[in-house]
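Colleague: Please take one part of this model and go through it closely, in terms a first-year student can follow. I would like the strands and the aromatic rings.

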Amino acid sequence: MRKETLLTKALFAKSGEEGKEVALPHTWNNLDGQDGGDDYWRGHGVYQIALPAPSAGMRQFVQFEGANHIANVRCNGQLLGEHRGGFSTFRFDLTEYMKAEDNLLVVDVTNEECDVYPQSADFTFFGGLYRNVTFIEADPTHFDLLKDGTQGVFVTPHSTGKTRLDLFPVNAQGCMVRVELLDHKGSVVASELTAAQDHTVVVMDVPSPHLWNGLEDPYQYTAHAVICRGSQQLDEVTVQYGYRSFRVDPERGFFLNGKSYPLHGVSRHQDRLDKGWAISKEDHDEDLALIKEVGANTIRLAHYQHAQYFYDICDRAGMVLWAEIPFISMFRPGEAAQENTISQMRELVAQNYNHPAIFFWGISNEITIGGESEELYQNLCRLNALVKAMDPSRLTTMAHVSMLPTDSEHIFVTDVLSYNHYFGWYGGDVGENGAWLDEFHRSNPDRALGVSEYGAEAILSWHSEKPENHDYTEEYQAYYHHEMLKTFESRPYLWSTHVWNMFDFAADARDEGGCKGRNNKGLVTYDRKVKKDSFYIYQAYWTKTPMVHICGSRFIDRAPGQRDVTVYTNCPAVTLYVNGRRFKKVKAADHICVFRNVKLANGDNTIVAKTSEAEDQILLRGVDAPNEEYVLPAGAGDAGNWFDANGNERRLEFPDGCCSIHDKLGELLDHPEAGPVLHGLISSMAEKTGMAGNLNSMLKMFRSMRLEDLLKMAGKKLPEGAIYDLNDKLIQFKK
């Protein structure tokens with residue numbers, strides 16, 4: 001029977017350096033991938049891993065659950081093969097290269113830029129063997145361990161109880177395959193014994209199956225498959241699965257087991273502070289616990305295949321999942337890159353086929369950001385066809401960039417679709433989201449539409465009684481998300497909504513709001529220690545257990561004019577107490593109670609919000625003048641100074657009354673003198689960064705965004721010194 005041994009130590013060396021012992025899983029970017037500067041190390045890392053001695057009569061395999069981007073694997077000096085893709089499980093057969101003892105595995109891993117996706121994206125590509133490495137021994141007769149990184153057993157359940165199993169035994173001539181289906185208590189509900197074939201198909205019926213029913217009742221069955229030769233059991237595989245039905249209606253949204261089940265949830269990146277992608281089961285458990293606490297019932301697992309353990313716990317929790325490949329942001333023409341999308345898609349679907357939590361396969365994210373082309377369109381169509389051939393039981397989807405025209409042929413590729421919209425953050429006003437969604441729905445009434453990303457950044461240091469877009473305050477983020485919740489609540493035709501993002505995550509190229517190397521759109525901080533105020537407005541909308549939350553616990557110093565207190569709740573009304581005295585009772589409107597001009601004493605004040613079933617408490621300090629430390633300093637995150645190739649220092653200058661990169665893109669484009677100059681320079685930059693095909697749509701989308709912020713998004717794709725050149729041109733023109 002099969003035996004698995006976790007390999008937990010390795011000798012690791014970056015190219016050109018001496019080796020050191022590291023614990024597996026491991027990434028070499030856990031620190032430099034999160035500190036900003038877009039300079040984290042991308043290169044080759046080599047791992048030397050000692051292997052156990054082989055058992056007589058068994059076959060040996062090595063399993064990698066994640067190695068980013070490309071891994072070349074050798075056993076005792078012999079090349080086993082190469083794997084291209086940083087997020088899926090892959091295995092190699094070691095048997096013919098094993099010695100009686102002192103076996104050495106050498107793995108060369110690189111996260112250098114190549115033709116493997118992701119090519120370019122707004123997150124750090126952590127290098128290394130960042131998930132488990134396992135040594136496996138199996139009988140020569142076993143379920144195929146080399147079939148796309150799977151266990152060689154696929155279960156296709158129908159809500160009626162009809163159950164098909166596709167099994168792939170190896171070296172099983174003259175053997176039998178026995179399959180048992182067990183309920184949650186372990187009782188056998190169906191069984192079958194059949195002769196083993198290279199592709200063995202077994203079909204059974206489970207009368208009146210207990211359905212997997214989301215958060216309410218995520219009931220799972222177990223399929224137990226065994227290969228036998230006479231009375232001897234040679235190999236076995238156990239698979240958890242679930243019976244359920246679902247559909248998506250373009251007018252009424254998502255239905256689970258025949259009942260309306262509105263999908264409201266979050267997106268999730270897998271990295272953690274000081275760990276990168278090399279995270280533990282406990283980290284996964286904590287992430288899911290926080291997602292459940294906020295009240296989500298769906299997760300978009302962006303932008304790549306996540307760990308099998310996380311899919312497993314989502315099965316047990318009843319989460320509805322969108323799983324996708326990292327075909328994101330930048331399309332790379334050519335056969336090699338296209339074949340990589342196909343390979344990663346095949347592995348994603350095959351390895352996650354049995355998970356009842358997965359309902360949607362995502363084939364790409366914002367892939368038209370650099371423009372549309374026939375080659376890109378055909379690549380997407382090929383991916384969609386592959387998924388439908390491998391798994392017709394689920395739906396395909398993709399996340400479109402906001403500026404993609406609503407009559408583009410791309411919106412018809414997948415079964416359902418979603419858009420990433422940031423009106424109210426990167427451009428426009430938050431109120432524009434509803435109008436855009438309604439217009440799309442009117443123009444495309446037969447297409448099921450969702451919102452795959454939306455969000456705003458919040459950094460715990462910054463606060464304001466009058467929050468504004470791009471002030472990076474907790475208060476603006478909370479306002480933005482409340483407006484989005486109201487928008488979604490009145491539009492039941494949306495098949496799903498996914499917040500971007502549940503957690504802050506590493507994006508080493510970023511320098512935003514005084515915080516380097518971080519995307520701060522999370523409802524929870526990168527270290528998972530602080531739930532931002534916006535976390536609780538979602539809890540108020542999405543949960544039933546009585547709750548109250550007083551906002552502004554980090555906005556402690558309150559001067560006159562800053563003394564409104566906002567409370568989120570899912571209760572009808574809230575009573576506020578100040579220093580033990582009743583201040584006022586307010587009825588909730590859209591899950592918010594606002595207490596105006598709360599009377600604070602000088603110094604510390606205890607604020608308590610109560611309902612009959614819940615309460616919350618914070619401390620506020622009455623002060624005479626606003627605390628200037630709560631305001632993001634002007635120019636924070638500017639490019640600063642730069643020295644050209646001749647050693648000449650260049651500074652960003654912002655003369656009063658002159659145009660500059662601090663101005664909004666739309667204002668500059670409308671300027672009679674600055675406009676033509678800016679358009680010409682941006683067009684030139686767009687050619688160099690691969691964005692020219694979608695330039696006009698992008699300019700329209702980002703009109704209300706500061707030019708400086710737009711340039712930051714381009715990062716190192718811009719020519720060196722380009723920001724200085726552009727600003728020097730603009731300051732020549734008076735406003």
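Modeller: What follows goes from the strands to the rings and ends with two prolines.

This is a predicted model, in which local features need pLDDT of at least 70 and side-chain atom pairs count only at pLDDT 80 or more, while totals for chains, interfaces and linings use all residues. Residues are numbered from 1 along each chain as its sequence is written, and side-chain values use heavy atoms, with hydrogens and water left out.

Begin with strand S30, which covers residues 417–420. Helices (H or I, at least four residues) and strands (E, at least two) are DSSP runs, numbered from the N terminus. Leu 417 and Tyr 419 point one way from S30, and Ser 418 and Asn 420 point the other way. All of these residues are buried, a word that stands for under 20% relative accessible area, with exposed for over 50% and partly exposed for in between (1.4 Å probe, protein chains only).

Strands of a sheet pair through backbone hydrogen bonds, either parallel or antiparallel. Here two strands pair if DSSP finds at least two bridges between them. S30 pairs with strand S29 (residues 395–400) in the parallel sense, over two bridges. His 400 stands opposite Tyr 419 in that pairing. S30 also pairs with strand S31 (residues 449–453), again in the parallel sense, over four bridges, and Asn 420 stands opposite Glu 453 in S31. Between S30 and S31 the chain passes through helix H5 (residues 432–443), and this β-α-β crossover is right-handed. The term means that, with the strands pointing away from the viewer, the path from the first strand over the helix to the second runs clockwise.

An antiparallel case is the open sheet of three strands in the order S22-S23-S24. Its edge strands are S22 (246–249) and S24 (259–260), each of which pairs on one side only. Strand S23 (residues 253–256) and S24 pair over two bridges, and Leu 256 has Lys 259 in S24 as its bridge partner.

Now the rings. A pair of aromatic rings is described by the distance of the centres and the angle of the planes. Rings of Phe, Tyr and Trp (its six-membered ring) pair if their centres lie within 6.5 Å; planes under 30 degrees apart count as stacked, over 60 as edge-to-face and the rest as tilted. By this rule the count comes to 42 aromatic pairs. For Phe 154 and Tyr 353 the centres are 5.8 Å apart and the planes stand at 85°, so this pair is edge-to-face. The pair links distant parts of the chain, 199 residues apart: Phe 154 is in strand S12 (residues 153–157), and Tyr 353 is in the loop between helix H3 (335–351) and strand S28 (358–365). Both Phe 154 and Tyr 353 are buried.

Tyr 353 also has the charged end of Arg 394 over its ring, 5.9 Å from the centre. A charge sits over a ring if NZ of Lys or CZ of Arg is within 6 Å of the ring centre and within 35 degrees of the ring normal. Likewise, Lys 147 lies over the face of Phe 168, at 4.3 Å from the ring centre.

Last, the prolines. Pro 25 is in the loop between strand S3 (20–23) and strand S4 (44–51), and is partly exposed, with a relative accessible area of 26%. Pro 655, in the loop between strand S44 (649–650) and helix H8 (665–670), is partly exposed at 35%.
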